[in-house]
Amino acid sequence: MRVAVISAEAVPYSKTGGLGDVAGALPKALKNIGIDSVLITPCYWQTKGEFLWETAIRDLNVEWRGGIYPAKAFYSEANGSPTFLIDAPSLFHRDSIYGYLEDHERFAFFNKAALVLLRRIGRAPDIVHLNDWHCGFAAVELAERRRWDTFWQRTRTVFSIHNMAYQGAFGLGELWKLGFGSGFARDRFSFDGHASAMKAGLETSDTLSTVSRRYGFEIQTSEYGYGLEWLTRKRADRLIGITNGVDYEVWNPATDPELPANYDINDLSGKRECKRAMLERFSLPIDLERPVLANITRLTAQKGIDLMMQVVGEVLAAGAYIISLGSGEKKYEDFWQSLRDHAPNQVGIYRGYSEPLAHLIEAGADMFMMPSKFEPCGLNQMYSLRYGTVPIVRAVGGLDDTVQNWDAVSQTGNGFKFGPYAADAFLEKIYEALFAYGDKDLWQKIQHNGMSVDNSWENAARKYVSLYRWTLDN
Ligand code: ADP
Ligand code: GLC
């Protein structure tokens, strides 16, 4: 079976969030279980030159807006699997990866270029695995082409939803410019008076997946479906939830090169050194007995920052440290800054994006807060489990599937989990966690339960292979 994974971001080439982690790791995991896989992703200005091993195609000519766009493609295996990076400077060499009015054009181009590239490099893949709205364009193009283009006739598409809240909306009038002027394409993109790349992907792909079981059900409800619940419901018989894995080559406290000391489930002493280094890094007084509650995230409403804002006063009053790494909406950035100004001896913040710091915090913190409003899968709670950092999460989406609430009677569970999106419910779990932290043996038991969980990609990759097979047969 030959699989092409197409994604707008992929580690280590680019990353703004979990999609990058997943798209970087899945093709490698597929390759490790014997699947012939190739990853296609854009080459951004942010993509480090060291990852561009060679120029594989100098004349990737893509039909674009009535002419030809002369793109290139680099080759690399920096993520551990064959990768082609589409180089189109005017579209991808920008200050940030997303956030432009013409994002729909940029990714429509990327999709077209990916299909031209697949044609150039050999026989058609059996499966084209598309990710999020950025790849809705390829879903439609392949559905159209399959009717008359023998090259693509046997290819099937799998579309993974990583986040239903981002749908790639734009004006219907733009469709013809992007090469989607046919009646068929227009119908697929049309949604509520505009064009939606997410809707097009959901409607035209052969099968659908999302990144946790629970989110697979949630997106069929009006609370989490963002207006497309009718479509996910309609296609429920071809939709499956597959929980993301963790790349333990990157996220493993026993080998993590970003840490001042390594540790594992049998000897957690290195974690204290990481805590010390982290407190130093944030210029906080070194008191290793005090608990640290941390958070690493994009600062958006999705992540439950509003709940955090409501509880931090009590957390500080309880004597804990709070550390936050993230950037995003100004009101949230301002909030963390003012909290730091208010309690400089207890609060550490880093406003921005830092991979090394994310590793240090995962290792140095005692608890990880993730009170998300919605969370398709979430990766940090899984990283936290492996790093012996106990997650405090809301029971939603992938957080519910991957964190087991601690039960003191049966001594089972690996984190603390609350239900309603409410500050008092969150705070109750924080107090429970702080109380448990006070009992060293008990705390170690919770840490051990988390550290022994196996969320490796191999399991998830095997589920994808079953989905690919099913897609080809049905
Ligand atoms: P989402 O994709 O919704 O942002 P995930 O939990 O799936 O949420 O993945 C987020 C990923 O991005 C994690 O790998 C996390 O460590 C990383 N991340 C988020 N914000 C930052 C930041 N400011 N600095 C470094 N890494 C970050
Ligand atoms: C999205 C989701 C996140 C998920 C990630 C990778 O960004 O918000 O929950 O883990 O995609 O699938």
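Four structural elements, α1 (18-32), β13 (292-299), β14 (321-328) and α13 (380-386), each contribute two or more residues to the shell around ligand 1. The structure described here is a predicted model, and its two ligand surroundings are taken in turn below.

Among the elements that surround ligand 1, β13 makes the greatest contribution, with 3 residues. The shell also spans two parts of the protein: domain 1 (2-245 + 458-473) and domain 2 (269-453) each provide at least three of its residues. In total, 21 residues lie around ligand 1, and those that come nearest are Gly18, Asp21, Arg298, Lys303 and Gly352. By residue class, this shell is made up of 7 nonpolar, 9 polar and 5 charged residues.

Several of the nearest residues can be followed down to individual atoms. Arg298 places a polar side-chain atom 2.7 Å from an oxygen atom of ligand 1. Lys303 likewise has a polar side-chain atom 2.7 Å from an oxygen atom of this ligand. With Gly352 it is the backbone that takes part: one of its N or O atoms lies 2.8 Å from a nitrogen atom of ligand 1. On its own, ligand 1 has 560 Å² of accessible area, and the protein covers 93% of it.

Attention now turns to ligand 2. This ligand is surrounded by 13 residues, of which His162, Asn244, Glu375, Cys377 and Gly378 are the closest. Helix α1, already met at ligand 1, supplies the largest share of the shell around ligand 2, namely 3 residues. Here too, domain 1 (2-245 + 458-473) and domain 2 (269-453) each give at least three residues to the shell. Its residues divide into 5 nonpolar, 6 polar and 2 charged.

The polar contacts of ligand 2 involve both side chains and backbone. An N or O atom in the side chain of His162 is 2.7 Å from an oxygen atom of the ligand. Asn163 has a polar side-chain atom 3.4 Å from an oxygen atom of ligand 2. Gly378, one of the closest residues, contributes through its backbone, with a polar atom 2.8 Å from a ligand oxygen. Of the 310 Å² of accessible area that ligand 2 has on its own, the protein covers 93%.

Viewed together, the two sites can be traced through the same pair of domains, since the shell around ligand 1 draws on domain 1 and domain 2, and the shell around ligand 2 draws on domain 1 and domain 2 as well.

Key. Residues are numbered from 1 along each chain as its sequence is written. Chains are lettered from A and ligands numbered from 1 in the order in which they are written. This is a predicted model: local features need pLDDT of at least 70, side-chain atom pairs count only at pLDDT 80 or more; totals for chains, interfaces and linings use all residues. Side-chain values use heavy atoms; hydrogens and water are left out. A residue is near a molecule or strand if one of its heavy atoms lies within 4 Å of it. A polar contact is a pair of N or O atoms within 3.5 Å; within protein, one must be able to donate a hydrogen and the other to accept it, and residues adjacent in sequence count only if both atoms are side-chain atoms. Accessible areas come from the Shrake-Rupley method with a 1.4 Å probe; for residues, only the protein chains shown count as cover. Ala, Val, Leu, Ile, Met, Phe, Trp, Tyr, Cys and Pro count as nonpolar, Asp, Glu, Lys and Arg as charged, and the others, Gly among them, as polar. Domain bounds come from an automatic or database domain assignment.
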